[in-house]
Amino acid sequence: MTNSLELEVPLKVARHLIERVGFAYFNARRKIAPGGVERSESDEKLEGVGEEVDISYLKSLDPKEWKDQDHYSVLGLGKLRFEASDDDIRRAYRRMVLQHHPDKRKAKGEVVINDEDYFTCITKAYEILGTSKARRSFDSVDPEFDDSLPTQTDIDNDYFKVFNKMFKLNGRWSERPQVPVFGEVDAKREEVERFYNFWYDFKSWREFSYLDEEDKEKGQDRDERRWIEKENKTARIKRKKEEMSRIRDLVNLAYNNDKRIQRFKQEEKDRKAAAKRAKMDAVQAQKAEQEKAVREAALAKERADKAEQKRIELIRIEREQQKKVLKKERKTLRDKVKDCKYYAKNDKDQLKHMEGTEKICETFNLAELQALNKAMESKGRESFVAALQTADQKIAAELEEINQTQQKKLATAAAPKAAVKEVKKGELWSNENVQLLIKAVNLFPAGTAQRWDVIATFINQHSGSGGAQVLARDVLNKAKALQNSDHSKSSLKTQANDAAFASFEKSKKEVQVSNDITIGEEAPSQESKENVKQNGGAHPNQVNNQKPKQNGTATPAAAEAGAGAPAAAPLTNGTGGGAAASKTWTKEEQALLEQAIKSYPTTTPDRWDCIAACIPNRSKKDCLRRVKELVELVNSKKEAQAATK
């Protein structure tokens, strides 16, 4: 310490530091630093590396080109450079000021030109290195730093020495502290992976603002300053990308030539190959075990089959032997009975005993036959008769069992099935159900969703009889039968005629003729009026979607329309033109005519023949005459209405 000294007092007191003052202070300074400058640890460092700056170098500096000078060399810190502390920079600057200040040099008689003096370079160097931001900018472009990559020759000569040096130099740019070392050939895999992970994710603080070509503050206005700042920023980004590309190339160069990585890859490859071989060995072992198990199972099955065959063969041999013994015993029985003349007293008993002998042979087993033959040796007829009775009892028991079994089967087959009711076809499709089918076919034309189910539901809901339910299948079959049947030969015409005559007999008392129109009959519907066109044309929109039959065969809906319909008051012709012309039209026939006109459009060949075939007891001529009458009736009504208005 320069400001205090230690004194030892022979008293038992503590040691104290006493600060020097006055002449003692200046004498201590002169002893420690003969040149009059206080020394520090940095001075010791500078003394060892030669901190003195060559005066000729300083005089060669141009103050106007201060950006191109090495500021560390100007202050005498050329050896320490970026390792120099702020205190080292301050002390070096103080030393340079004491030695090269213009006033000091003028006092010695040296001529100093202020504008061109090198002391300006010393001041500028301290301004750059004394400010942390400016110093970082200068350190980023340190002229002593080598940005080049090692050559392949250097790598081949001493790989680890070269890259240890390179990564140590470039580690100074890392934003993160504790940069991992490159290591040697015996480094562990975890250390090598951590090293390359660090450098492949390297973050550098190096920036290149020191190399800006233009100073933003020299701009005359705001726009110029902004333009200068934009140009400088673009140049910095470009240099930053080049720097990161250089670092990545360095890391790739080290990685591709690293013998440790090659060794690790080979070890990983060998490990995977060993695992694959182990897996294949395990699969082969499992396969061999399965094949062994299959072979053992096949051998076991073969042994079992042989044993089974042997057992079956033994059973067959045993049965053959039993058959032979049984055959022998039967022959013995027959011979004994024959020798004794079947123990018969007359011919009738002999025939009966002969049949009984065969029964005994068929019903008795081997043990029973042996016992019988043995008993007949001593008892004879008595044993034979007892055997006959036993055989009859056995046969009776078997017959009884067979009869019972057959009776059970018959009883089971004859038992009525629950919820099954046989319905005759005639009862299912009564006259009422046929009429409902025709009506439903017209109400629900082709294209209706679930058409036949809907029609079946309609018939079941509107059927007056509480009989069996009609199914969609029954409806479809009946519709096809009606469509494909020959209505000229059908009994429907007879039924329609009977129904029409009954209706006529019932309502003829209510018929009154006036102006060729039957009183009590409803006027033709608007639909009928529209249907009556030239040439007896039908309504343009067909109600029945089923394709009509030709050659005098009508559709099922039209063919069935006259069966069972309620009667209405008939219309009189009024023309008096013959028997056919004077025959009145019933309501049922009128309905059949309208339906037939709708079913057969004007484009149908032999249209009126088809229409006449749909109406029982009506010819083509009758149909045409009736249509003309309706046309005249409609026209007369229109004229009457027009006259009234």
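1. In this predicted model, Phe-138 counts as buried, at 2% relative accessibility, and it is a convenient residue from which to start reading the structure. Phe-138 belongs to helix H8, which spans residues 132–140 and whose buried residues are Arg-135, Ser-137, Phe-138, Asp-139 and Ser-140. The buried residues of H8 pack against three other helices, namely H4 (71–74), H5 (86–100) and H7 (119–129).

2. Two of those neighbours of H8, helices H5 and H7, are also joined to each other through a pair of tyrosine rings, one of the 25 aromatic pairs counted in the model. Tyr-93 and Tyr-126 form a stacked pair, with 4.1 Å from centre to centre and 10° between the planes. Because Tyr-93 lies in helix H5 and Tyr-126 in helix H7, the pair ties together parts that are 33 residues apart in sequence. As for accessibility, Tyr-93 is buried, with a relative accessible area of 18%, which falls under the 20% limit for that class, whereas Tyr-126 is partly exposed at 28%.

3. Phe-138 itself takes part in an aromatic pair with Tyr-210, and this one is edge-to-face, with 5.5 Å from centre to centre and 70° between the planes. Since Phe-138 lies in helix H8 and Tyr-210 in the loop between helix H11 (189–200) and helix H12 (222–256), the pair ties together parts that are 72 residues apart in sequence. Tyr-210, although placed in a loop, counts as buried at 10% relative accessibility.

4. Ring pairs also build a cluster, which links Tyr-159, Phe-160, Phe-163, Phe-167, Phe-182, Phe-195, Tyr-196, Phe-198, Trp-199, Tyr-200, Phe-202 and Tyr-255. A reader viewing the model may wish to display these side chains together, tryptophan Trp-199 among them.

5. Elsewhere in the chain, helix H18 (residues 431–443) and helix H19 (residues 451–462) pack at an angle of about 135°, with their axes 9 Å apart. That angle makes H18 oblique to H19, because the roughly antiparallel class begins only over 145 degrees. The crossing in which H18 passes H19 is right-handed.

6. Which residues make up the contact of H18 with H19? From H18 come Glu-432, Asn-433, Leu-436, Leu-437, Lys-439, Ala-440, Val-441 and Leu-443, and these meet Arg-451, Ile-455, Phe-458, Ile-459 and His-462 in H19. Sorted by class, the contact has eight nonpolar, two polar and three charged residues.

Methods. Residues are numbered from 1 along each chain as its sequence is written. This is a predicted model: local features need pLDDT of at least 70, side-chain atom pairs count only at pLDDT 80 or more; totals for chains, interfaces and linings use all residues. Side-chain values use heavy atoms; hydrogens and water are left out. Buried means under 20% relative accessible area, exposed over 50%, partly exposed in between (1.4 Å probe, protein chains only). Helices (H or I, at least four residues) and strands (E, at least two) are DSSP runs, numbered from the N terminus. Contact means heavy atoms within 4.5 Å. Axes are lines fitted to C-alpha atoms, for helices over the stretch in contact, and angles run from 0 to 180 degrees between N-to-C directions. Angles under 35 degrees count as roughly parallel, over 145 as roughly antiparallel, 65 to 115 as roughly perpendicular and the rest as oblique. A crossing is left-handed if the near helix is turned anticlockwise from the far one by less than a right angle, and right-handed if clockwise. Ala, Val, Leu, Ile, Met, Phe, Trp, Tyr, Cys and Pro count as nonpolar, Asp, Glu, Lys and Arg as charged, and the others, Gly among them, as polar. Rings of Phe, Tyr and Trp (its six-membered ring) pair if their centres lie within 6.5 Å; planes under 30 degrees apart count as stacked, over 60 as edge-to-face and the rest as tilted.
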